[in-house]
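User: Please take a close look at the nonpolar core of this model, and then set it in the context of the other parts of the chain. I would like the terms made explicit along the way.

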Amino acid sequence: MKQDNILVLDLGSSENTTIARWVRDLGVYSEIHPHDITAQQIKDLQTVRGIIINGGKNNIIDGEAIDVLEEIYSLGLPVLSVEHPSTQATKSLDAWGNEEESKVVLKEFVFDTCKAEANWNMKNFVEDQVALLRKQIGDKKVLLALSGGVDSSVVAALLIKAIGKQLVCVHVNHGLMRKNESEGVIAMFEKDLEENLVYVDASERFLGKLKGVSEPEEKRKIIGNEFIRVFEEEARKLDGIDFLAQGTIYPDIVESGTKTHKVVKSHHNVGGLPDDLQFELVEPLFQLFKDEVRACGVELGLPHDMVYRQPFPGPGLGVRCLGEIEIDRLEAVRESDAILREEFAAAGLDQKVWQYFTVVPNFKSVGVRNNERTYEYPVIIRAVNTIDAMTATIEPIEWPILLKITDRIINEVKHVNRVCYDLSPKPGGTIEWE
Ligand code: XMP
């Protein structure tokens, strides 16, 4: 890592990531570390230009007050102390309440006091990572489960740049993908990976396992377990793989309370791979926030639509085809979702709305078509905005757009005779229906 680094030491404040973000927004790299980091560990990081102690002296964890180690003050690095101020700090700041003022103090600290250089950008990040990955991996092979989501796609693109065909990607189609999704993943990477891109069509296997299962949690469990089983079977077929790449990102690391966890048995992260399948982990995005992952994808030349796509749950359309999954309703979810996405893109709403999709419940209602009675399923449209997916509000879609989508779904999607718009915020409803 060549970039200057401002450390945020974690004294239990919930604002650590906000501060690290603000520093990065100034173009300077910032990392969060535990409060008890030693002076030697800070020296080993090599490019630290300053330290922010966030949370003051009187933080209590399990009944004990915690503080940073005294020795870090003797490193000769500027220290900014936030809230209950430390007497040894170079500067202190008590007003996180006022965002603008806080940012001014932070900017002065980073540039005037620490003399840090604004050299944190994705071009430098990619260059650094490519060198680091080449050093870590050498001439060995790396395996990646390529779902086609933003994180795994960016990891793939970065590894292709670093090690080319030493990367083997396995894409498992569980039959619950959106329309043309697997085809899109293959098209995006087949030129670079050729035979190193393994496509597994496991649709029938997944649908078989899900037959007769209607309880949402059980459906999720089956899909998750089966995914690991298929991936494991494919991994066993491959020879000489030493590394497993994962799209772990910074919030995952910060939330788990540790910064570095490089050589961990893969099952800790993939969630269930057996002990005898041991790999060393490669997690090249572990320093990045989500928007930085996207910027990295753009830097690597991935298409804009791919990098800025909405989130999609692991169990896919399986949690949007309510109750027991049946082929006709699953197709209705897939086709109506495709229409919704097409019309949202045409209206520019794809840039504005955080998540939008359709749901098909497992009941029918009476309708009429060409003067004949129908008895078919409804499609429910959901479109929500949120910051962190913990709460969500409803996007007030303009009437003509909703009417056009309704018209298309009723006329183009088989087995559907009604369209509803879900007005429930979260809390109230969750974002997904299952
Ligand atoms: P809920 O329904 O809990 O969803 O309000 C919050 C967000 O999480 C997504 N979601 C998932 N993402 N695996 C994922 O990767 C899952 O099993 C899963 N379940 C829900 C959901 O789409 C929404 O964005």
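Analyst: Helices and strands are here taken as DSSP runs, helices being runs of H or I with at least four residues and strands runs of E with at least two, and both are numbered from the N terminus. The model is a predicted one, in which local features need pLDDT of at least 70 and side-chain atom pairs count only at pLDDT 80 or more, while totals for chains, interfaces and linings use all residues. Residues are numbered from 1 along each chain as its sequence is written, and side-chain values use heavy atoms, with hydrogens and water left out.

A nonpolar core is a set of buried Ala, Val, Leu, Ile, Met, Phe, Trp, Tyr and Cys residues joined through side-chain atoms within 4.5 Å; buried means under 20% relative accessible area, exposed over 50%, and partly exposed in between, with a 1.4 Å probe and protein chains only. The largest such core holds 45 residues, and those touching the most other members are Leu143, Phe279, Phe344, Ile397, Ile405 and Ile409. Two or more residues come from each of strands S9 (167-173), S11 (241-245), S15 (372-385) and S17 (416-421), and from each of helices H7 (203-210), H8 (216-237), H13 (327-346) and H14 (399-412). H13 is the element that contributes the most, with six residues. Domain 2 (122-306) and domain 3 (322-421) each supply at least three residues to this core, the domain bounds coming from an automatic or database domain assignment. A separate core of 40 residues lies apart from this one and includes Met122, Phe125, Val142 and Ile249.

Leu143 gives a view of the packing from the side of one residue: setting aside residues up to four places away in sequence, it touches Val168, Val170, Phe231, Ala235, Leu238, Ile241, Phe243, Leu244, Ala245 and Phe279, where contact means heavy atoms within 4.5 Å. In soluble globular proteins, nonpolar side chains tend to be buried together.

Burial in H13 is not confined to nonpolar residues. Glu343 lies in H13 and counts as buried because its relative accessibility is 10%. Beyond its neighbours within four places in sequence, Glu343 is in contact with Lys404, Ile405 and Arg408, and Ile405 is itself one of the core residues that touch the most other members. The side chains of Glu343 and Lys404 are joined by a polar contact of 3.2 Å, that is, a pair of N or O atoms within 3.5 Å, of which, within protein, one must be able to donate a hydrogen and the other to accept it, residues adjacent in sequence counting only if both atoms are side-chain atoms. Glu343 and Arg408 are 65 residues apart in sequence, while their C-alpha atoms are 9.5 Å apart in space.

Within the span of domain 2, the unreviewed UniProt entry lists Ser147, Gly148, Gly149, Val150, Asp151, Ser152 and Ser153 under "binding site"; such positions are given in the numbering used here, with feature names shortened, and the annotations may be inferred rather than shown by experiment. Gly149 lies in the loop between strand S8 (141-145) and helix H5 (150-163), and it is partly exposed because its relative accessible area is 23%. Ser153, by contrast, belongs to H5 and is buried, with a relative accessible area of 0%. A polar atom of the Ser153 side chain lies 3.4 Å from the backbone oxygen of Gly148. Not counting residues up to four places away in sequence, Gly149 touches Met306 and Arg309, and Met306 is also among the residues touched by Ser153.

On the side of domain 3, Asn371 is found in the loop between strand S14 (365-369) and S15. Its phi is near 65°, a positive value in a residue other than glycine, and Asn371 counts as exposed because its relative accessibility is 79%.

The domain assignment also gives domain 1 (5-113), and the C-alpha centres of domain 1 and domain 3 lie 48 Å apart. Strand S1 (residues 5-10) has five of its six residues buried, so it is largely enclosed by the rest of the structure. S1 runs parallel to strand S2 (residues 29-34), to which six bridges join it, and it also pairs in the parallel sense with strand S3 (residues 48-54) over six bridges; two strands pair if DSSP finds at least two bridges between them.
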